[in-house]
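The following exercises concern the fold, the cores, one pocket and one residue of a protein chain. Each task is followed by a solution in steps.

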Amino acid sequence: MVAIEFPLAGIGSRFIALLVDTLLWLVGLLVLGILFWIFQPALKAFDKLSYQWVVAILIFVVFLFNWGYFTLFEAFWNGRTPGKKIAKIRVIQQTGRPIGLMESMARNFVRYIDQIPSFYAVGVITMFITKQHQRLGDLAAGTLVVRDQEQDTPLWSESGSRTFTAASFTPRTAPVEPHMLVSLPATGIARLTSVDLEVLEGFFARRLDMPLTVRQELAERITQAIRSKSGLEQPPGVSPETFLEATARDLRDHARIR
């Protein structure tokens, strides 16, 4: 198995994400408070409860709102919250797979221990002493926070002018991807498994974040592992990455047929 290293998110980017998420959460809490005030006449049943019970219910509602914000966003938005989206980071499992609901619930429940005594002191200390910058929530859930650099197409050039206009836009035929010209025998593809496809997909997802030398070296290592397992031959003049892309393409088709 070839290990793929993900670029870990630093404390600075995680702090920015947390700051944005906290501000958004406070705005949401303010809206919730306004709604509570508007519908207060319909909540007269609370008048029969003691002061301690009202306080306990309010604390529980605030807890659910805070925990649910981080948990649901990370579980159903590919490991991102709005703050993480802005900071270009996301949460993944240590295996490289997307985070699920159970992992998100666990890491965000332990978040409250990471906050002790204040300002995430426990979490920051844990991130400094762990090799993969994990806070206690990450250790409990088996997750990592990694950089998620997206390639955005700018709408404005450095000079301040638009990079395209409706009048000058001309549709072009998309060029043929190099891997589409590579043909591989089905017998070799059949020897590969879904685990191999996951390794390939993980490499494709993170290769733009890697230094060129690391990217080329890793592509060659994965190519050697795939060739050894499948018996496939790398066609002359085809780069390792193109070979891997063709392998992944055929492996996806093979998985659909099965």
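**Exercise 1. Determine which element gives the most to the lining of the second largest pocket, and describe that lining.**

Solution. The model is a predicted one.
- Step 1: Among the elements, H1 contributes the most to the lining of the second largest pocket, namely 8 residues.
- Step 2: Helix H1 (11-38) and helix H6 (121-129) each provide at least two lining residues.
- Step 3: The space in the second largest pocket amounts to about 500 Å³. It is lined by 21 residues, of which Arg14, Phe15, Leu18, Arg111 and Tyr120 are the closest to its centre.
- Step 4: Sorted by class, the lining of this pocket comprises 12 nonpolar, 3 polar and 6 charged residues.

**Exercise 2. Describe the order of the elements and the overall character of the protein chain.**

Solution.
- Step 1: The protein chain contains 11 helices and 2 strands.
- Step 2: Read from the N terminus on, the order is α-α-α-β-α-α-α-α-β-α-α-α-α.
- Step 3: Contacts with a separation of 6 or more are considered next; 68% of them in the protein chain join residues 24 or more positions apart.
- Step 4: The chain has 258 residues, and 35% of them count as buried. Its accessible surface comes to about 16,400 Å², with 66% belonging to carbon and sulfur atoms.

**Exercise 3. Identify which residues of the largest nonpolar core touch the most other members.**

Solution.
- Step 1: As background, nonpolar side chains in soluble globular proteins tend to be buried together.
- Step 2: The largest nonpolar core has 21 residues, and those that touch the most other members are Leu184, Phe203, Ile222, Phe243 and Leu244.
- Step 3: Helix H9 (194-206), H10 and helix H11 (240-257) are the elements that give two or more residues to this core.
- Step 4: Another core, of 7 residues, lies apart from the largest one and includes Ala9, Ala17, Ile99 and Val145.

**Exercise 4. Explain why Lys229 counts as partly exposed, and place the residue in its surroundings.**

Solution.
- Step 1: Lys229 belongs to helix H10 (residues 212-230).
- Step 2: The relative accessibility of Lys229 is 39%. Buried requires under 20% and exposed over 50%, with partly exposed in between; therefore Lys229 counts as partly exposed.
- Step 3: Leaving aside residues up to four places away in sequence, Lys229 touches Arg191, Leu192, Thr193 and Asp196.
- Step 4: Lys229 and Arg191 are separated by 38 residues in sequence, while their C-alpha atoms are 7.1 Å apart in space.

How values were computed: Residues are numbered from 1 along each chain as its sequence is written. This is a predicted model: local features need pLDDT of at least 70, side-chain atom pairs count only at pLDDT 80 or more; totals for chains, interfaces and linings use all residues. Side-chain values use heavy atoms; hydrogens and water are left out. On a 1 Å grid over the protein atoms alone, a cavity is a set of points where a 1.4 Å probe fits but cannot get out, and a pocket is an open set with protein on both sides within 12 Å along at least five of seven lines; lining residues have an atom within 4 Å of a point. Grid points are joined across faces, edges and corners, and a volume is the space filled by probe spheres set on the points. Helices (H or I, at least four residues) and strands (E, at least two) are DSSP runs, numbered from the N terminus. Ala, Val, Leu, Ile, Met, Phe, Trp, Tyr, Cys and Pro count as nonpolar, Asp, Glu, Lys and Arg as charged, and the others, Gly among them, as polar. Buried means under 20% relative accessible area, exposed over 50%, partly exposed in between (1.4 Å probe, protein chains only). Contact means heavy atoms within 4.5 Å. Accessible areas come from the Shrake-Rupley method with a 1.4 Å probe; for residues, only the protein chains shown count as cover. A nonpolar core is a set of buried Ala, Val, Leu, Ile, Met, Phe, Trp, Tyr and Cys residues joined through side-chain atoms within 4.5 Å.
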